[in-house]
Amino acid sequence: MNNISKNLEPLKNKLRNHSLYGSMDSINDLRIFTSAHVYAVWDFMSLLKFLQIKLTTITIPWMPSLNTTTAKLINEIVAGEETDENESGKPMSHFEMYIESIKSINVKTDQILTNINSLNNLETIEEDIEKLEIKDYVKDFLKFTFSVIKRGKIHEVAAVFTFGREDLIPDMFMPLLEGINSENNELNKLIYYFKRHIEVDGDMHGPMSMEMLSYLCNNDEERILEAKIISEKALLSRISLWDGIESEIKTKKKFYEKV
C-alpha cells in the first residue's frame with residue numbers, strides 16, 4: 001500500500017495544488033462548485049455499499065463473515081458515513097448533510113435530487129447518466145465510478161474508495177476551508193461538513209480503508225497492479241472533475257461580475 005501511495009504522489013500533488021482552490025473567492029463560486037461536487041458525495045456511497053455487501057454478511061440465515069476484521073472496518077465506515085450527526089446532533093448521512101449545507105447557500109437541490117433518484121438501475125446507469133441535464137465532466141466522473149462497480153472486482157472498488165476518495169479528503173478540503181470566510185453565517189453548515197469530513201476521513205476512515213485494501217490485495221502481484229492502475233484512473237477522474245468545475249467558474253464569473 002505504501003508503494004502504491006508513493007507512486008500516486010504526482011497525481012495527488014496535482015490535486016493538492018489544483019488552481020481550482022484559488023479561483024473560488026465568492027459565494028457564487030462556491031455554489032457552482034457544490035452543485036457539481038454533490039454528485040461525487042453521492043456516488044461515493046455506492047462504492048461504500050458495494051464493499052459492505054461483499055465484505056459483510058447480509059444474507060438470511062446469517063453466517064459469520066469470512067474476515068471479521070475487514071467486516072468491522074467497513075461497518076464502522078458505513079456507520080460514520082450513513083448515520084453521522086450534523087452540527088445539531090441530528091443523525092444524518094454525509095450526503096444529506098451536504099444537501100442541507102448547500103441549501104443554506106441557496107443552491108437549488110430539487111433537480112439534483114430528481115437526477116439522483118432517477119439513477120436507480122445499475123444495469124442501465126451509464127445510459128441514464130447520459131440523459132441527465134448536467135455537465136459532461138460530471139457525467140464522466142459518475143460513469144467512471146459505476147464502471148468500476150459494474151466490473152465487480154472488489155480490490156479495484158476498494159482501491160478507488162481508498163486512494164480516490166478516503167485518502168484524498170484532508171488534502172482536498174483543507175484548501176477549500178482556507179478560502180472560506182468562516183464569519184459568513186451562510187457557510188456554517190458547509191464549514192461543519194468539510195471539517196467533519198477532514199476529521200473523520202483523516203483520523204479514522206483513511207487508515208481503515210488502507211488496511212482493508214491491503215487485506216483484499218493479499219500480496220497478490222496482479223491485484224496490487226490492478227489496484228494501482230485503477231487508483232491512477234480515479235485520481236485522473238477527480239482532476240478532470242476539478243478542471244471542469246474551474247472552467248465553469250471562470251466562465252460564469254465573467255457574467256456575474258458584470259451584473
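**Exercise 1.** In this predicted model, are tyrosine 98 and tyrosine 193 buried or exposed? Classify their ring pair as well.

*Solution.*
- Step 1. Tyrosine 98 is buried, and tyrosine 193 is buried too.
- Step 2. Take the ring geometry: the centres lie 4.8 Å apart and the planes stand at 65°.
- Step 3. An angle over 60 degrees counts as edge-to-face. The planes of tyrosine 98 and tyrosine 193 are at 65°, so this pair is edge-to-face.
- Step 4. Place the partners. Tyrosine 98 sits in helix H6 (residues 94-103) and tyrosine 193 in helix H12 (residues 188-217). They are 95 residues apart, so the pair links distant parts of the chain.
- Step 5. Look for a cluster. Tyr98 and Tyr193 form one with Phe194.

**Exercise 2.** Classify the pair of phenylalanine 44 and phenylalanine 161.

*Solution.*
- Step 1. The distance is 5.2 Å centre to centre, with 20° between the planes.
- Step 2. Planes under 30 degrees apart count as stacked. The pair is stacked.
- Step 3. Phenylalanine 44 belongs to helix H4, phenylalanine 161 to helix H10 (residues 154-166). The two are 117 residues apart.
- Step 4. Both phenylalanine 44 and phenylalanine 161 are buried.

**Exercise 3.** Which residues of helix H2 (residues 9-16) are buried, and how are they arranged around the axis?

*Solution.*
- Step 1. Leu11, Lys12 and Leu15 are buried.
- Step 2. Look down the axis of H2. The buried residues fall within an arc of 100°, so they line one face of the helix.
- Step 3. Turn to the other side of H2. Pro10 and Lys14 are exposed there.

Definitions and conventions
Residues numbered from 1 in each chain as written. Predicted model: local features only at pLDDT ≥ 70, side-chain atom pairs only at ≥ 80, totals over all residues. Heavy atoms only, no water. Buried < 20%, exposed > 50% of the residue type's maximum accessible area, 1.4 Å probe, protein only. Helix = DSSP H or I, 4+ residues; strand = E, 2+ residues; numbered from the N terminus. Arc of directions from axis to C-beta. Phe/Tyr/Trp six-rings, centres within 6.5 Å; stacked < 30°, edge-to-face > 60°.
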